[in-house]
Amino acid sequence: MNRLHHGNITCIEDLRKLAKKRVPKMFYDYVDSGAWTETTYRANSDDLANIRFKQRIGRNVETRTQRSSLLGEEVTMPVGLAPTGLAGMQYPDGEILAARAAERFGIPFTLSTMSVCSIEDVAEHTSRPFWFQLYLMKDRSFMEQLISRARQAKCSALMLTLDLPVQGQRHKDIKNGLSAPPKPTIQNIASIAIRPRWCLNMLRTKRHSFRNIVGHVAGVSDTTSMARWVDEQFDQRMSWDDIKWIRQIWDGKLVLKGIMDPDDAQMAVEYGADALVVSNHGGRQLDGAISSIAALPRVVRAVGKQAEILFDSGIQSGQDVLKALALGAKGTLIGRPFLYGLGAMGEAGVARCLEIIHKEMDLTMALCGLNDIQNIDRDILESQGRSMFAS
Ligand code: FNR
């Protein structure tokens, strides 16, 4: 039994270490990296770490609850799984397993356009409606098709990601020649061969490429043409008119993701967003941008009363979730923490990640004198933390 198995896994860092051992290098690297110098990737977590809680006593904290709602859906804690590409390469059938873990825990799962398992695959294996994340591509009939597939699968929200008109450069992905399935180079074969558990499980599933796309678009049948297609297809001309168009053809909840600027937030609301996600894509896009937590209070001040504000980028613990909520987010998304859980132990690893975060939130609430997550505000933070992120 691995030293880091189950009971010995007490924090997200343990899951990361185990994932690093079990996931082939190119896919582990794809997760644990940011754009260029990774300055923004680091700032996301550093700035969260620099916020301080206020210890309070004598408040009877015997009963505590994290029950809340996100986009009108009941949740056991205000945390959802962020859309992440290629989760099905961290662990075979990864998106299905992560969606199931989220459903069992009672929180939302977001499926990425760039997933391995398709919208239909996830719908078939879950009963709680999930959220679908869309990237705007030039092929508008394919966009319409994807949106109608999401509707058909009863997705309860569409999350349009706006911060990727071009892809940020992540050095490791280029050096590793990232693709799905991996190209059979000597380097790749060597890094995969030393992960027999991953290989065996991967042989047991037929889900190996971008199943939302391959087979649904003429001319895209393998990943070589796929890479070229994405390069050609991501729409650099994306503007507010396109958001208006999507608002017209999707009548469910619309979430706009990748908002860092209060003026953009205002536009997002004017163009019909029900919610927005303050996010710098986990530091994977504009390196040199401020941390997402530093951007949050300004966005909350600008549109907090008009739209639900979600937050992501940099969360590594339940304490980080509480800090974002204290600064005005209604809920948070997590990317890497659940991917590490998935890579480490599949569905059980995602469940473990969620338990860890829930418990960290629970104990911290008690020590801050907070009974009900719905009453959280800046008062749980020291003023030092507050002034750092003054709105
Ligand atoms: C992402 N993210 C992302 N976002 C999106 O809208 N569509 C996508 O396909 C992806 N793919 C993706 C892959 C990987 C490996 C990561 C780590 C992230 C961004 C994601 O939704 C979220 O914004 C960040 O992951 C949040 O930061 P943390 O929680 O990873 O620090």
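Two strands are said to pair if DSSP finds at least two bridges between them, and strands (E, at least two residues) and helices (H or I, at least four residues) are themselves DSSP runs, numbered from the N terminus. The structure described here is a predicted model, in which local features need pLDDT of at least 70 and side-chain atom pairs count only at pLDDT 80 or more, while totals for chains, interfaces and linings use all residues. Residues are numbered from 1 along each chain as its sequence is written, and side-chain values use heavy atoms, with hydrogens and water left out.

In this model, strand β9 (residues 308-311) and strand β10 run parallel and are joined by 2 bridges, with T332 of β10 serving as the bridge partner of F311. Strand β3 (residues 79-81) also pairs with β10 in the parallel sense, over 3 bridges, and here T332 is the bridge partner of V79. These pairings belong to an open sheet of 8 strands, in the order β3-β10-β9-β8-β7-β6-β5-β4, with parallel pairing. The edge strands are β3 and β4 (110-111), each of which pairs on one side only. Helix α15 (residues 318-326) packs on the sheet and touches β3, β9 and β10 (contact means heavy atoms within 4.5 Å), and its direction makes about 140° with that of β10. Helix α16 likewise packs on the sheet, touching β3 and β10, and its direction makes about 155° with that of β10. Within strand β10 (residues 331-334), G331 and L333 point one way and T332 and I334 the other way, and all are buried, where buried means under 20% relative accessible area, exposed means over 50%, and partly exposed lies in between (1.4 Å probe, protein chains only).

Helix α16 (residues 336-368) also meets helix α1 (residues 12-22), and the axes of the two helices come within 10 Å and cross at roughly 170°. Axes are lines fitted to C-alpha atoms, for helices over the stretch in contact, and angles run from 0 to 180 degrees between N-to-C directions. This crossing makes α1 roughly antiparallel to α16, since angles over 145 degrees count as roughly antiparallel, those under 35 as roughly parallel, those from 65 to 115 as roughly perpendicular and the rest as oblique. On the α1 side, the residues in contact are I12, L15, R16, L18, A19 and R22, and they meet residues of α16 including Y340, M345, C353 and I357.

The largest nonpolar core contains 115 residues, of which L81 and L276 touch the most other members; such a core is a set of buried Ala, Val, Leu, Ile, Met, Phe, Trp, Tyr and Cys residues joined through side-chain atoms within 4.5 Å. The largest share of this core, 14 residues, comes from α16. The contacts of L81, not counting residues up to four places away in sequence, include A98, F109, I334, F338 and L354. A second, separate core of 12 residues includes A82, V255, A275 and L333.

Two loop residues that are not glycine have a positive phi, namely L71 at about 50° and S313 at about 100°. L71 is found in the loop between β1 (68-70) and β2 (73-75), and is buried, with a relative accessible area of 5%. S313 lies in the loop between β9 and α15, and is also buried, with a relative accessible area of 5%.
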